[in-house]
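Hi everyone, thanks for coming. I'll take you through one structure today, and I'll go slowly so you can follow along on the screen.

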Amino acid sequence: MEYNITIPDGYYEISDLNAYFQSIMIANTHYMTNYAGQFIYFLEFIVNTSRYAVQINSYPLDTDIQSSNGYILPTGATWSVPTTSTLSQFNINTTGFGEVFGYEIGSYPDTQVGSSTLRFVSSEAPQITPYSSILVSCNLVNNRAVIPSNILTSYTPLGASIGSLFTFEPNYLQFADVEDGQYTQLVLEFRDQQKYCHKRSQHVNHFIHRNKKIKYLNIYTGDIFSCRLVCGARHSFRTPR
Amino acid sequence: MGKKNILTTANIEENSNNTKLVYNFSSGGYSFKDDMIAVLSIYQYFSIFNVTSSYGNNTVSYVWFD
């Protein structure tokens with residue numbers, strides 16, 4: 001039987017995802033305990049550092065394995081131990097989650113028939129975070145070289161750990177032209193960068209982000225503590241010859 | 001010299017996932033002519049979610065023994 005899991009929005013490392021996954025298995029009584037009372041899971045995913053991959057482990061179970069290891073069904077279990085050796089499967093149903101793990105869409109293993117432990121590693125580099133940089137757009141800006149034309153700057157939260165205060169202070173000021181006119185508001189928007197792009201603007205996007213294609217959707221950033229801007233006449237920022 | 005402006009959490013627009021800062025110019029507006037603008041600095045709490053429904057990466061499933 002297939003069990004669907006919806007992970008609450010949040011920031012997760014692979015170990016966090018495994019912990020959440022196993023918490024769901026506990027809630028579903030999909031585990032066993034050994035003689036010492038330790039929980040035994042038959043499906044897990046771990047980081048394989050050497051392979052730069054996420055490794056999925058599926059362990060077989062049958063009545064012989066249960067009796068030889070002294071495994072006990074949890075109280076309230078609604079399932080019984082299979083008489084023939086069986087594997088549980090981990091299903092990657094979306095490309096989004098597949099990118100996080102570096103797997104193609106599919107079932108791992110692809111069959112429940114098996115008597116030995118099966119291990120799988122990512123076929124592509126896992127992308128635990130879908131974004132690599134944050135784009136800042138400003139309604140005053142009119143940069144005719146790029147689409148959209150209101151990108152003011154971009155930055156990467158390099159070295160920032162979750163919950164920490166991150167600072168972006170460019171080494172040199174990246175000035176953008178302000179479209180002449182009367183404005184009642186200054187509006188800044190922070191957007192993420194993804195590897196997808198608007199097809200119409202693909203070539204132009206390459207100008208502003210080396211080989212990174214951009215999608216202006218899925219806005220998700222943390223609290224902006226402060227943003228300092230400098231603005232003035234063009235001639236005042238130019239270096240005298 | 002250029003004019004500096006600081007936008008803070010007080011400028012965050014509601015229901016924008018903390019991603020939109022709005023500053024209202026006083027006296028009905030501000031006129032720009034041959035001007036440039038640049039970011040001096042940004043201070044931000046790193047709290048960007050990586051698994052969300054909007055990314056489409058928050059659902060999986062498994063097949064158990066039953």
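Let's start with one residue, S27(B). Is S27(B) buried or exposed? It's exposed, because there are just 6 other C-beta atoms within 10 Å, and the cut-off for exposed is 12 or fewer. If you want to find S27(B) on the screen, look in the loop between β2 and β3 (30–32) of chain B. What caught my eye is its backbone: S27(B) isn't a glycine, yet its phi is positive, about 55 degrees. As background, most residues other than glycine have a negative phi, and most peptide bonds are trans. And before I go on, please keep in mind that this is a predicted model.

Now hop over to chain A, where there's a similar story. Y52(A) isn't a glycine either, and its phi is positive at about 50 degrees. You'll find Y52(A) in the loop between β4 (43–48) and β5 (53–58) of chain A. Y52(A) counts as exposed because it has 12 C-beta neighbours inside 10 Å. One more positive phi in chain A: T29(A), which follows helix α1, sits near 55 degrees. The helix itself, α1 (residues 14–27) of chain A, has 14 residues. From first C-alpha to last, α1 of chain A reaches 20 Å, close to the 20 Å expected at 1.5 Å a residue.

While we're on backbones, which peptide bond is cis? That's the one from Y108(A) to P109(A), with omega near -5 degrees. P109(A) belongs to the loop between β7 (106–108) and β8 (118–121) of chain A.

Okay, let's zoom out to chain B. How many helices and strands are there in chain B? Zero helices and five strands, so to speak β-β-β-β-β when you read along the sequence. Its overall shape is worth a look too. A compact globule of 66 residues would have a radius of gyration near 11 Å, whereas chain B has 21 Å. If you box in the C-alpha atoms of chain B along the principal axes, you get roughly 70 × 25 × 20 Å. Of the 66 residues in chain B, 29% are buried.

Next up: how the two chains meet. On the chain A side, 89 residues are in contact with 58 residues of chain B. Which strand gives the most to that side of chain A? It's β15 (residues 224–233) of chain A, with ten residues. Sorted by type, the residues on that side of chain A are 49 nonpolar, 29 polar and eleven charged.

The chains also share a sheet. It's an open one with four strands, in the order β10(A)-β9(A)-β14(A)-β2(B), and the pairing is antiparallel. Why do β10 (151–155) of chain A and β2 (20–24) of chain B each have one side without a neighbour in the sheet? Because they stand at the edges, each with a single partner strand. Neighbouring strands in this sheet are turned by 15 degrees against each other on average, ignoring direction. The link across the chains is β14 (residues 185–192) of chain A, which pairs with β2(B) in the antiparallel sense over five bridges. To spot one of those pairs, find V187(A), whose bridge partner in β2(B) is V22(B).

There's another cross-chain pairing at β12 (residues 176–177) of chain A, which runs antiparallel to β4 (residues 35–45) of chain B and is joined to it by two bridges. Here D177(A) stands opposite M36(B).

Now for β5 (residues 59–63) of chain B, which pairs with strands of chain A. Strand β1 (residues 2–6) of chain A pairs with β5(B) in the antiparallel sense over five bridges, and N4(A) has S61(B) as its bridge partner. Strand β6 (residues 89–92) of chain A pairs with β5(B) over three bridges, again antiparallel, and there F90(A) is matched with Y62(B). In general, the side chains of a regular strand alternate between the two faces of the sheet. In β5(B), V60(B) and Y62(B) make up the covered face, while T59(B), S61(B) and V63(B) make up the uncovered one.

Last stop: T167(A), in strand β11 (residues 165–168) of chain A. T167(A) counts as partly exposed because it has 13 C-beta neighbours inside 10 Å. Leaving aside residues up to four places away in sequence, T167(A) touches S41(B) and Y43(B). And how are T167(A) and D180(A) placed? They're 13 residues apart along the chain, and their C-alpha atoms are separated by 30 Å.

That's my tour, thanks for listening!

Notes: Residues are numbered from 1 along each chain as its sequence is written. Chains are lettered from A and ligands numbered from 1 in the order in which they are written. This is a predicted model: local features need pLDDT of at least 70, side-chain atom pairs count only at pLDDT 80 or more; totals for chains, interfaces and linings use all residues. Two strands pair if DSSP finds at least two bridges between them. Axes are lines fitted to C-alpha atoms, for helices over the stretch in contact, and angles run from 0 to 180 degrees between N-to-C directions. Two residues are in contact if their C-beta atoms, placed from the backbone, lie within 7 Å. Ala, Val, Leu, Ile, Met, Phe, Trp, Tyr, Cys and Pro count as nonpolar, Asp, Glu, Lys and Arg as charged, and the others, Gly among them, as polar. The radius of gyration is taken over C-alpha atoms; the globule rule is 2.2 Å times the number of residues to the power 0.38. A residue is buried if 20 or more other C-beta atoms lie within 10 Å of its own, exposed if 12 or fewer, and partly exposed in between; C-beta atoms are placed from the backbone. The expected span of a helix is 1.5 Å times one less than its number of residues.
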